[in-house]
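User: I would like to go through this model by question and answer, beginning with how its chains meet and then turning to its folds and helix contacts.

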Amino acid sequence: MKKLTILFTTLFLLIIPIVIKGDVNTSAPYKTYTTGPSNKLIETQTAYEPAGNIKLNLRNPEDIYLKDEIIYIADTGNKEIIKYDLNLNIRTVFKTGFNEPTGVHVDENDQVYVADKGAKSIFIYDKEGNLIKQIERPKEPIFGNAPFVPLKVVTGPRGVIYVVGDGSTGGLIQLNQSGEFQGFFGANDTKMTLMQRLAKLFNVKSSKNIPVSPLNVAIDDKGSLYTVSLTEDKKLKKFNIASETILTLHEEENFNALLINDFNNIYALTTEGVIYEYDSFGQLIFKFGGKDTGTRRLGLFVNPVALALDKDNNIYVLDKGLSEIQILQKSEFTALIHEGLEAFKDGIYDLEKWDEVLRMNGMFGLANSAIARAEFRNHNYDNSLSYYKIANDKAGYSEAFWQLRYNFLQANMLIIIIVVIGLVVGFKALKFADGKWQIYAPLRKGKAKLNKFKLVRELKLILNIFRHPLDTFYEIKKEKKSSYLAATIIYISFIVVMIFSDYVTAFLFNNNDLQNYNLLRTFLLLAGLLILFVGANYLVSSLQSGEGFFKDIYLSTAYALAPIIVFTPFLVLLTHGLTYNESFIYSSLQSITIAWSLILVIVMLKEVHNYTIKELIINILLTLFAMVMIVVILALLYLLTNQLYEYVMGILKEVFVYARV
Amino acid sequence: MRAFKLTITLVLSLFLIVPFSNTQNNYDLVVREAIAPKESSLTSSKYTQVETDLRVATNPFIDTLDYHLVGSLGDLSFYFKEEDLSFRIKDNKSDYLWGSSFNFDYLDENSPLHDEGDFGANESWKKRFSSPLIINYYQETNLRDEHLFSNGLSDFESELIVAADKVGFQAKLDFYLSKIELELMVYLDLEGLHIEIPASSIKEKGSVKLSSIQVYPFFGAVKRDRIPGYTFIPDGTGALMRYDDQKRSSYTKRYYGPDLGLNYETNEKFLTLNTFGVVQGINQNAFLTVIDSGASHAILTFSPSLVGTDFNHTFITYTYRTDYTQYLNQSKTSSIKLVQKNKNEIDIKQSYYFLNGEDANYLGMAKKYQSLLIEDGVLKRQEEGNIPLHLDVLMSESKKAFIGRKVFPMTTYNYLNEVIKELEQEIDKLIITLYGWQNGGYSYSAPNYQRFTKVSGSKEQLKELLKTEHDIYLEMDVIKVYHNSKGYKKSEIAQSIGQELINEDDYFYLKPASALKKLTTLEKRFSNYGEGIMLSSLDTIYSDFATETTREEQIAIIKEMLDVSDKTMISEPLGYLLKADVILNTEMYSSLQTKFDDTVPFLPLVLMGYKDAFSRNANFFSNTVNELLRMIDYHLYPSFIITEKASHHLLNTGSENIYTSEYQSWKEAIISEYHFVNDALRFVKDATLNKREILAPGFVKNSYDNGVIIYINYSGKSHYDGDILIEPTSYEVIL
């Protein structure tokens, strides 16, 4: 029990880094993480360091926007929009008199857009603060009964305006510059429960699921929109112009703000004060930040609500709880990575830069895949292969492997053909020689000698399964052609083959976590499953008047596993020569093997118990049901015993403590 | 035969040279542009700020009317008022007065001493301000407090101490409500002021239990922002909190980190030294308080003005008992609150050292603290020359294998030998720490140190390596042990107050006495190798309730541990560890709370010129030039972690937080970064600072006692001092 707790706590702790004895050594009060091999979170140099804060006498501010070194702040509590010049450090009031300004945005013509939740309007001002337009609830009939309570606003190319509305379940409200409604954009998905799906199947009306409305929005320089919402999955989504999702990201925490920079890196802020930076493909580059634990430290947040970036990609975080803006300055390490990514965007694979990144952090996932791609382009396929493996990029690995295989075959095709022909001719010659001069005679004698052992004959029965399954099962049942020992050996070989497959399958097709592979656990699991099936089937069949004894079921099931035992090793070896292009070969062969075994099991059941088709179906269903019930009962037993143990220990501890006191 | 042997040696030596000449991975050091910190960063508490408030300090809140001059010693005079046990200290060099309480004239609205927004004080508060001690006690499990004048029924009597070397008073206090009796001694000697409360004098005559005592909380108090000054706290490397009337919350922290035995935790930096300081008037008047005894059970509090009172005051609270939650079952759903049964037997001994003139600042305080350590023999003057370089080397680690764990080498003895030979051509002195030199690999084998690991090479190769004249230290951890390792018994694990075994993740903490015994055995076992010992985990101290060992007693045992070997090395220094020969991972930052105004390098200043102190591994710097400049500013030497193999081999091991370490890729950076720091510090290796001036945000001028001046410019713009130009993000040495 204790070991289990330790196991689970260690696993738990591996996933979530808990700071007990904290960051005694760095210049930031949080650790910074990146993606390492196998998509694991690994520590890395501080990406953004706290660099002071800007206090502006705000009250419950909700939004900021940075353009050309001027920050616009929606000071919701004071009902005004503040401008702060970063270069001159001057604070001015842009406009007052709002009801509840919660969103601010500036377009490329320096027009300022303000989303006023209380006034239920979008206000558009020019640079000097003159009102250009006030957009209220759209009057177009297609807008329907949808509410218009603007929270945030962004603008896209050609003056299109996207509004995040409170309760706007249809998604973002798309308007043109005149305030005319053009449609909803980027709605969230809903998830149907099983009942609702069944209801749909039978065309029965059930309660509709209402999608969650988006919480915040950002737009990149190409006009693609990104939203964050409080959904159960796909919390961050990127849309194309057809409002289809082309990228989704998901984390444990809830996102509440996001921003896209010049080279399409995504910065997302969560309510827990953690900031995520992803590259344009959605791969996590940095994760850092956190919430203050009561002592107000530089770099930790109380209630972060919005993000902004300046031209050097330093991050400005608006903290509603502290009513101030915290500055996080980019480090040299981050600058290096950004330069590499910017080069990527222009199609340049700067090996030197990424080599330097790898030098600073040997496990940096992005660097490894970048170098892998670069080496691939330079035709260094074996280098590319190893970097892809470290980066756990299976798609890339497959391509590099394909190239290597192609080159290998190209170079050695002739030799391979000669060798194959040679082998075939050689075997034929030997057979001919055997016919003439009996050279295989000693082998035949050895074979006959072995056959004298009962065990060997029983094991050889496996081969008969393939050609005459029904006969073999009959022989096992009636003619006692097998024994407990043989069957146990077959079961053990089955487990060995499965474990072999887990370990030896090539990298491309292997989805097992070999580092944390628990040999004993897998063995027990498989053995337990087999015993469970045999036992459950025996119990059910005896109630169903099946003819098979326990011995028959135990023995026959073993032989039914024959296809898996025989073919899996070949499949495993095959994976070492395949790429993703031929993955259908592997998957179809694997499916055939498994299906074959399943069919054999079903046939076996019919034969051993001598059931009709109807009885057979009932038997299978009941066996499955019995297996589930047995597991449930065992779990219950375990829990109860545990409770009893804790209860007794608790009493003892109480007695002990009170006796001391 | 001979020719045969010759050819074999030649061939083998080729194998040794080839890996070093074959730079397969050509890591051209991409020269990166240093990113200078933004202006807002330079004016934040990450850096020391320019002194702008140079007003002359006067304290009209205290005087010596009604006070009786007891005597003078050295430059100080002691004044005493029997009626409320308050006293005044006069610094005769500057005529400045320090007092343990203050007058209440300011309460009158028409007084010139009254400020707008003052909280004022009612009778109850006035009595509290004048009380010498404030006691907290437990009545059942409820915490209550009482001071000497809470109810007018507490009894006290005092008698003067007038001797050739001691001037002051001794008093017996009897608190009425809590029925606690104790003896208080306040006296001057030639060193400074001392306050003592011996543990043996504390009697709990009633049923209540003593929890904590606050000693003269208002000594050195400053009203609002009337006196320019600050409180220095040894948070991390050191921080200042100035009296600017702007702070809205108090600062509280326990010395030497949280007590694991009481289930405390923290994620902030510790208070590293048993001290704090107060400055009233920059470069005019100051005092440094040193807690001679009881620091590990003491809590430092700084309460700024307008947080409860109108006064900025700093004081120490000594904790004798605490309450805790005792869990009654495994799932922690049932618990009761209990009070610690036996109080911690600690003697309170606090010393105040008064400074004036040029010494009345954090640098003067650091030098005073340094002089105390020199007297105790903890610090020794360094020799001049080039600075040493420190290398952490990970020799082996263990990975999960098919069955059990497999130990694999990260560095071989031969390779390390070659590295040393290569580096010593550029660098005079190398100090090397070996991790994972033991047979089980680095993680998961403490405290089972049986022999050197074989996976890193043969015994001969090890002997070759150890022949080097550079210092090698073997890392050992006898305090924090892995739960599955063999070297300890379950009975040796320390227990927390709730009778749980003290642990952190999968590691247990051992009882201090057991740890000392293990260390002695290990030292004997490995003494004939002649190497030093690096002791890990000495900065975690805890009350062990199995053996009833207090943290103070553990500190005494740890000091004994530092004597076990001739050469010792420690990491993450705290005050009681400074005796070690080499100090690693010296703090360069404070906890950076927003109420801090500056970060000051107090701890490095204490060690400057007297101890080899290194910073954290430079592999993990993200703004390299900025950190190196900080090392030059603070006088810390560079340290790197290296391995032979690339660090991705450490994934899925206990050392996977070492994400970059391959020597081949770090070689050039090690040499260039070493020279960057050495080209400044070799001129001042054995020197101490005379003056540390901040001429502009991010622009520091360090003046050393041997006449050398070093300018450090962290910022992104050039600065001038007279006609000397210092480029952005660089330094200048003026000889």
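User: How many residues of chain B are in contact with chain A, and which class is given 25 residues on the side of chain B that touches chain A?

Analyst: This is a predicted model, and in it 54 residues of chain A are in contact with 55 residues of chain B. On the side of chain B that touches chain A, 15 residues are nonpolar and 15 are charged, while 25 belong to the remaining class. The count for chain B is thus 55, and the class with 25 residues is polar.

User: How is chain A divided into domains, and what distance separates their centres?

Analyst: Domain 1 of chain A takes in residues 14-30 + 48-330, and domain 2 of chain A covers 451-641. Taken over C-alpha atoms, the centres of domain 1 and domain 2 of chain A are separated by 55 Å.

User: Which domains does the assignment give for chain B, and how far apart are the C-alpha centres of domain 1 and domain 2 of chain B?

Analyst: The assignment for chain B gives domain 1 as 25-50 + 688-735, domain 2 as 68-234 + 273-375, and domain 3 as 389-477 + 519-536 + 552-682. Between domain 1 and domain 2 of chain B, the distance from one C-alpha centre to the other is 39 Å.

User: In what order do the eight strands of the barrel in chain B close, and which residue is the bridge partner of B:Leu434?

Analyst: The barrel of chain B is built with parallel pairing, and its strands follow the order β24-β27-β28-β32-β33-β34-β36-β37, with a twist that averages 25 degrees from one strand to the next. Within this barrel, strand β27 (residues 430-435) and strand β28 (residues 471-476) of chain B pair over four bridges in the parallel sense. The bridge partner of B:Leu434 in β28(B) is B:Leu474.

User: Which strands are at the edges of the open sheet in chain B, and which residue stands opposite B:Glu693?

Analyst: Four strands of chain B, in the order β38-β39-β40-β43, form an open sheet with antiparallel pairing, and β38 (689-696) and β43 (730-734) are its edge strands, since each pairs on one side only. With direction ignored, neighbouring strands of this sheet are turned by 15 degrees against each other on average. β38(B) pairs with strand β39 (residues 699-704) of chain B over six antiparallel bridges, and the residue of β39(B) that stands opposite B:Glu693 is B:Lys701.

User: Which helix lies across β39, β40 and β43 of chain B, and at what angle does that helix run to β40(B)?

Analyst: The helix that lies across these three strands is α10 of chain B, made of residues 624-634. Relative to β40(B), which spans 709-713, helix α10 of chain B runs at about 150 degrees.

User: Why are α4(A) and α5(A) described as roughly antiparallel?

Analyst: Helix α4 (residues 351-360) and helix α5 (residues 365-377) of chain A have axes that come within 9 Å and cross at roughly 150 degrees. Angles over 145 degrees count as roughly antiparallel, so α4(A) is placed in that class relative to α5(A). The contact includes A:Trp354 and A:Leu358 of α4(A), as well as A:Ile371 and A:Ala374 of α5(A). By class, this contact of α4(A) with α5(A) has one polar residue, one charged residue and eight that are nonpolar.

User: What is the handedness of the crossing of α11(A) and α13(A), and how many nonpolar residues does their contact have?

Analyst: The axes of helix α11 (residues 484-504) and helix α13 (residues 550-560) of chain A come within 9 Å and cross at roughly 40 degrees, and the two helices are therefore oblique to each other. A:Ala487, A:Ile490 and A:Tyr491 in α11(A) meet A:Tyr554, A:Leu555, A:Ala558 and A:Tyr559 in α13(A). The crossing is left-handed, and with no polar and no charged residues in this contact of α11(A) with α13(A), the nonpolar count is seven.

User: Which peptide bond is cis, and where does B:Pro447 lie?

Analyst: Most peptide bonds are trans. The bond from B:Ala446 to B:Pro447, however, has omega near -5 degrees and is cis. B:Pro447 itself lies in the loop between β27 and α6 (459-466) of chain B.

Key:
Residues are numbered from 1 along each chain as its sequence is written. Chains are lettered from A and ligands numbered from 1 in the order in which they are written. This is a predicted model: local features need pLDDT of at least 70, side-chain atom pairs count only at pLDDT 80 or more; totals for chains, interfaces and linings use all residues. Two residues are in contact if their C-beta atoms, placed from the backbone, lie within 7 Å. Ala, Val, Leu, Ile, Met, Phe, Trp, Tyr, Cys and Pro count as nonpolar, Asp, Glu, Lys and Arg as charged, and the others, Gly among them, as polar. Two strands pair if DSSP finds at least two bridges between them. Axes are lines fitted to C-alpha atoms, for helices over the stretch in contact, and angles run from 0 to 180 degrees between N-to-C directions. Domain bounds come from an automatic or database domain assignment. Angles under 35 degrees count as roughly parallel, over 145 as roughly antiparallel, 65 to 115 as roughly perpendicular and the rest as oblique. A crossing is left-handed if the near helix is turned anticlockwise from the far one by less than a right angle, and right-handed if clockwise.
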